[in-house]
Amino acid sequence: MILSDIVKHLMQNDNIGIISHVTPDGDALGSSAALGLALERLGKRVVVLRNDRLPSKYSFLPGSHLAVDCEKAPFKPDILVALDCGDVERLGSGVMHYEAAGTVINIDHHLSNTMFGNLNLVDTNAAATAEIVYQVIKLMGIALDLDIAICLFTAIAADTGCFRYDNTSIVTHGIAGELISTGVKSSEICRRIYSLRTLEQTKMLGRAIDSIKLYHDGKTAIMRITKKMMQETGCGQEDLEGVIEFARDIEGVEIAALLRETDDGEIKVGLRSNEYADTSEIAASFNGGGHRKASGYTVGGPMDAAVETLLDRIEKILRV
Ligand code: 5GP
Ligand code: MN
């Protein structure tokens, strides 16, 4: 079984690198820190390779002593574990470690995962990659301490909208219950990752909400964030996690999209759906990916052209 193979590899090797996707979210950061801490408990040399900036709201996560910039890795890992990452491109500058690693272990829950590892454990039923990391940690025989539990809980809460999205299963609640029993303060973590905002982030949210336009008889909601809006509010892309939910939550909307101008003139698109639309199909047609109800891709600008092409694509899958 692949899970036990992975555990065997981790137990048998001493130098382990952990990496996740660029623009890291709570699952990427929490899963990485949890696995890093667990392997450290086994006496392994562990590094969590950072390929992007850490969003300030996740700075409370334990395990920061294990993290270093990709370019400054203190040793060459025998094993690279990629977590929550659907394809090699999403590793960003971390791709150098992918190319150098002897063995790549790919643990993920994205429908669009390209199975890029030597060992691939992709469970699309898992609400978060952290649910799979929880199984790995258990099988390695490591007791859940409060630090590891905080990381896993944060990751699961982040990918389930604090247990609101329909990826939340009995398994999710079971794991969360066990994590809470170690002392995790669930309400505090949910507040930190879902409602706590700086003034700048709040102003940005206001501007993003103001930009919403509805199409297709109100079934599609489009949010646009320009570079100018980012400059004026003093926000970076790491300040936008969760903003798209305000478009998805509009009554009657099936598909919501957030389009953001990047520094290099491209457009980063985030997609969400409410009931039936498979947004990962839309994202895949633009070389992106993700889950049915949450996905993303990047295209060339300008913004208006990106919106038009996207609206055409969405129209084909909306039910009348
Ligand atoms: P978000 O909108 O929160 O950035 O991303 C939603 C989901 O889609 C996440 O699971 C994320 O990993 C995935 N995703 C976002 N952008 C991309 C992309 O460009 N390529 C792929 N493969 N997945 C993406
Ligand atoms: Mn995830």
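**A walk through the predicted model**

Let us begin inside the protein, where the largest nonpolar core has 55 residues, and L10, V81 and L152 touch the most other members. A nonpolar core here is a set of buried Ala, Val, Leu, Ile, Met, Phe, Trp, Tyr and Cys residues joined through side-chain atoms within 4.5 Å. Buried means under 20% relative accessible area, exposed over 50%, and partly exposed in between, with a 1.4 Å probe and protein chains only. Helix 5 (residues 146-159) gives this core its largest share, ten residues. Helices (H or I, at least four residues) and strands (E, at least two) are DSSP runs, numbered from the N terminus. In soluble globular proteins, nonpolar side chains tend to be buried together.

This is a predicted model, in which local features need pLDDT of at least 70 and side-chain atom pairs count only at pLDDT 80 or more, while totals for chains, interfaces and linings use all residues. Residues are numbered from 1 along each chain as its sequence is written, chains are lettered from A and ligands numbered from 1 in the order in which they are written, and side-chain values use heavy atoms, with hydrogens and water left out.

Back to L10: leaving aside neighbours within four places in sequence, L10 is in contact (heavy atoms within 4.5 Å) with I16, L39, K44, I79, V81, I105, V136 and M140. A second, separate core has 21 residues, among them Y276, A283, L310 and I314.

Next comes the metal site. The manganese ion (ligand 2) has as its protein donors D27 (OD), D84 (OD), H109 (NE2) and D159 (OD), which lie 2.2 to 2.3 Å from the ion. Donors are N, O and S atoms within 2.8 Å of the metal (3.2 Å for Na, K and Ca); water is not among the atoms, so sites may look incomplete. Along the chain, the donors follow the spacing D-x56-D-x24-H-x49-D. Distant parts of the chain are linked here: H109 sits in the loop between strand 5 (103-108) and strand 6 (119-122), and D159, 50 residues apart from H109, belongs to helix 5. Both H109 and D159 are buried.

Now look at the second largest pocket, which holds about 250 Å³ of space. On a 1 Å grid over the protein atoms alone, a pocket is an open set of points where a 1.4 Å probe fits, with protein on both sides within 12 Å along at least five of seven lines, and lining residues have an atom within 4 Å of a point. Its lining has 22 residues, with L29, V48, R50, L54 and A67 nearest the centre. Helix 2 provides the largest share of that lining, four residues.

Finally, some backbone details. The peptide bond from G301 to P302 is cis, with omega near -5 degrees, and P302 lies in the loop between strand 12 (294-300) and helix 12 (303-317). T23 has a positive phi, near 40 degrees, in a residue other than glycine. This residue, T23, is in the loop between strand 1 and helix 2, and T23 counts as partly exposed because its relative accessibility is 31%. N287 also has a positive phi, near 65 degrees, and lies in the loop between helix 11 (279-285) and strand 11 (289-290). With 70% relative accessibility, N287 counts as exposed.

Methods: Points joined across faces, edges and corners; volume = space filled by probe spheres on them.
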